[in-house]
Amino acid sequence: GLTLSQNECLNSSNGKDETVNETINTAGKTVYLKVVVKEKGVCSFNYSTDGRKFTPFGNEFTAKEGRWIGAKVGLFANRTATGSGGWADVDYFRIEK
């Protein structure tokens, strides 16, 4: 299975620690992710294990200018066991209007 985690680090440039907003374990080896951007840049995150039924996940946030122009969404793979690092295959990103 996979573990999906939403982390954020507010004020990272000032040495603040990262926090974990929500973590779930999935039974399968595939997970679909979706970000819905609503009015005024409010972003909500969702996940699905079948690509059809999406479940809200983690905290909403409002996209705004920061240290770099625009908000960023990042994916990373991590392995908690010793040895080689984690990895992920990402098939595509699709942006819909």
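Starting at the N terminus, the elements of the chain read β-β-β-β-β. That makes five strands and zero helices for this chain, which comes from a predicted model.

As for the overall packing, buried residues account for just 12% of the 97 residues in the chain. The accessible surface adds up to about 8500 Å², and carbon and sulfur atoms hold 49% of that area. Turning to contacts, those with a separation of 6 or more were sorted by distance along the chain, and 22% of them come from residues 24 or more positions apart.

Part of the surface is a nonpolar patch of about 440 Å². Four residues make this patch, namely L33, L75, V90 and F93. One of them, V90, sits in the segment after β5, the strand that spans 55-62.

The cysteines C9 and C43 were also looked at for exposure. C43 has a relative accessible area of 6%, so C43 counts as buried, the cut-off being under 20%. C9, on the other hand, comes out at 29% relative accessibility. That value lies between the 20% and 50% limits, so C9 is classed as partly exposed rather than buried. As for disulfides, the criterion is a pair of cysteine sulfur atoms within 2.5 Å, and the count by this rule is zero.

Notes
Residues numbered from 1 in each chain as written. Predicted model: local features only at pLDDT ≥ 70, side-chain atom pairs only at ≥ 80, totals over all residues. Heavy atoms only, no water. Buried < 20%, exposed > 50% of the residue type's maximum accessible area, 1.4 Å probe, protein only. Patch = residues over 30% accessible without salt bridge, like charges linked within 9 Å, V, L, I, M, F, W, Y side chains within 5 Å. Areas by Shrake-Rupley, 256 points an atom, 1.4 Å probe, with all protein chains shown as cover. Salt bridge = Lys/Arg side-chain N within 4 Å of Asp/Glu carboxyl O. Helix = DSSP H or I, 4+ residues; strand = E, 2+ residues; numbered from the N terminus. Contact = heavy atoms within 4.5 Å.
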